[in-house]
Amino acid sequence: MAQGLLLSGGGLMEVIVEKNLLRQGEPVVGEVKKEGIDAFLIVLIASNLRGEPHQWEILYSYRKNVKLGKGRFEIECPAELPPAVYSRNFKVRWSLVFGIPRLSGKFMWPRKELRLKVMPSFKETSGEMHEIKLEKSIYRPGDVIRGEFELPRGDASKSLVGIKVKEWLIKGEESHSNIYILSEGDLTRAEGRHGWFEIGIEKDITRPEDVSYFYPYTFRSKFSDIEMGISSYVVVENPECILEREIAIIPVEPRIVKREQKR
């Protein structure tokens, strides 16, 4: 515990948090050294899919107040809320604010904010028979996807291969999405309707010390009247037909970065 993140304020508040890198649904665990400290878990979810291009709106705001006693604590994080992803169409910000309430809770002083880096969760996609055959269905940035395909018709040598990303949002009766190419691949061999390919997955620019993932990682979340997510597909485009197979792109195993925050 002593190797966790220390948040202190003017000698009046001291909180130790084990880590700020969490998986979806994993609680925040820590220890409070003094009585009378409140914690607020805040999640802000924004998107630009519904409005004009580059126009962002807050889709949902979550806030939970927890009164902490002296000693060890656990703060539950809602597993249904999306991970801390900053992509082309979503911005999700997780934070935990600690402080001593003043004036009947109207404000807190001292006050410290800890950003939480919440990792996407994922599930293995179906391994049933498909026109596109892959070695596996879960990949990480920087991996090379190797596979083969069988066209129902057409010449495989005229095909293009790549990874397509779909960022999508359903709110009430509205449905919005944005589709773009993440990576382009190469045909390594073609015989009639049968083809083989390789696709190098775009690398992630997110640094270990960043508090958000700047990459379109696979996730799916459903809460309130909102359903949203990012889906990825291996795509084979041919003049005669188009083949798609869904895959999951997940972060590399995390390296915990511990930081000390004090005033």
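Is Asp 38 buried or exposed? Select Asp 38 and see: it is buried, with a relative accessible area of 7%. Here buried means under 20% relative accessible area, exposed means over 50%, and partly exposed is in between (1.4 Å probe, protein chains only).

Before moving on, know that this is a predicted model, where local features need pLDDT of at least 70 and side-chain atom pairs count only at pLDDT 80 or more, while totals for chains, interfaces and linings use all residues. Residues are numbered from 1 along each chain as its sequence is written, and side-chain values use heavy atoms, with hydrogens and water left out.

**Stop 1: salt bridges between strands**

Keep Asp 38 on screen and add Lys 67. The two form a salt bridge, with the closest N and O atoms 3.1 Å apart. The term stands for a side-chain nitrogen of Lys or Arg within 4 Å of a carboxyl oxygen of Asp or Glu, and the count by this rule comes to 15. Lys 67 sits in strand β6 (residues 57-68) and Asp 38 in strand β5 (residues 37-47), so their pairing ties together parts that are 29 residues apart in sequence. Strands are DSSP runs of E, at least two residues long, and helices are runs of H or I, at least four; both are numbered from the N terminus. Unlike buried Asp 38, Lys 67 counts as exposed, at 62% relative accessibility.

Next, pick Glu 113 and Arg 93. Their salt bridge has its closest N and O atoms 2.9 Å apart. This pair links distant parts of the chain, 20 residues apart, with Glu 113 in strand β9 and Arg 93 in strand β8. Glu 113 is partly exposed at 31% relative accessible area, and Arg 93 is also partly exposed, at 27%.

Now go to Glu 198 and Arg 146, another salt bridge, with closest N and O atoms 3.1 Å apart. Glu 198 belongs to strand β15 and Arg 146 to strand β12 (residues 144-150), so this pair ties together parts that are 52 residues apart in sequence. Both ends are partly exposed: Glu 198 has a relative accessible area of 33%, and Arg 146 comes in at 40%. While you're at it, select Arg 50, Glu 57 and Glu 174, which are joined into one network by salt bridges that share partners.

**Stop 2: a buried arginine**

Which strand holds Arg 115? Look in β9 (residues 107-119). Arg 115 is buried yet has no salt bridge; Glu 113, the nearest side chain of opposite charge, is 5.1 Å away. For charge, Lys and Arg count as positive and Asp and Glu as negative, with His and the chain ends not counted. Show Ser 212 too: its side chain makes a polar contact with the side chain of Arg 115 (3.4 Å). A polar contact is a pair of N or O atoms within 3.5 Å; within protein, one must be able to donate a hydrogen and the other to accept it, and residues adjacent in sequence count only if both atoms are side-chain atoms.

**Stop 3: the core around Trp 94**

Trp 94 is in contact (heavy atoms within 4.5 Å) with Arg 115, and other partners beyond four places in sequence include Leu 41, Val 43, Cys 77 and Leu 116. Of the 62 residues in the largest nonpolar core, Trp 94 and Ile 145 touch the most other members. Strand β8 (residues 90-102) gives the most to this core, with six residues. Such a core is a set of buried Ala, Val, Leu, Ile, Met, Phe, Trp, Tyr and Cys residues joined through side-chain atoms within 4.5 Å.

**Stop 4: two hairpins**

Color β13 (residues 160-171) and β14 (residues 174-191), which run antiparallel and are joined by ten bridges. Two strands pair if DSSP finds at least two bridges between them. Gly 162 stands opposite Glu 184 in β14. The hairpin has two residues between the strands, and there Gly 172 takes a positive phi near 65°.

Then add β15 (residues 194-200), antiparallel to β14 and joined to it by six bridges. Gly 185 stands opposite Ile 199 in β15. Two residues again lie between the strands, and Gly 192 has a positive phi near 60°.

**Last stop: Ser 224**

Finish in the loop between β16 (219-223) and β17 (226-237), where you'll find Ser 224. Ser 224 has a positive phi of about 50° although it is not a glycine, and it is exposed, with a relative accessible area of 60%.
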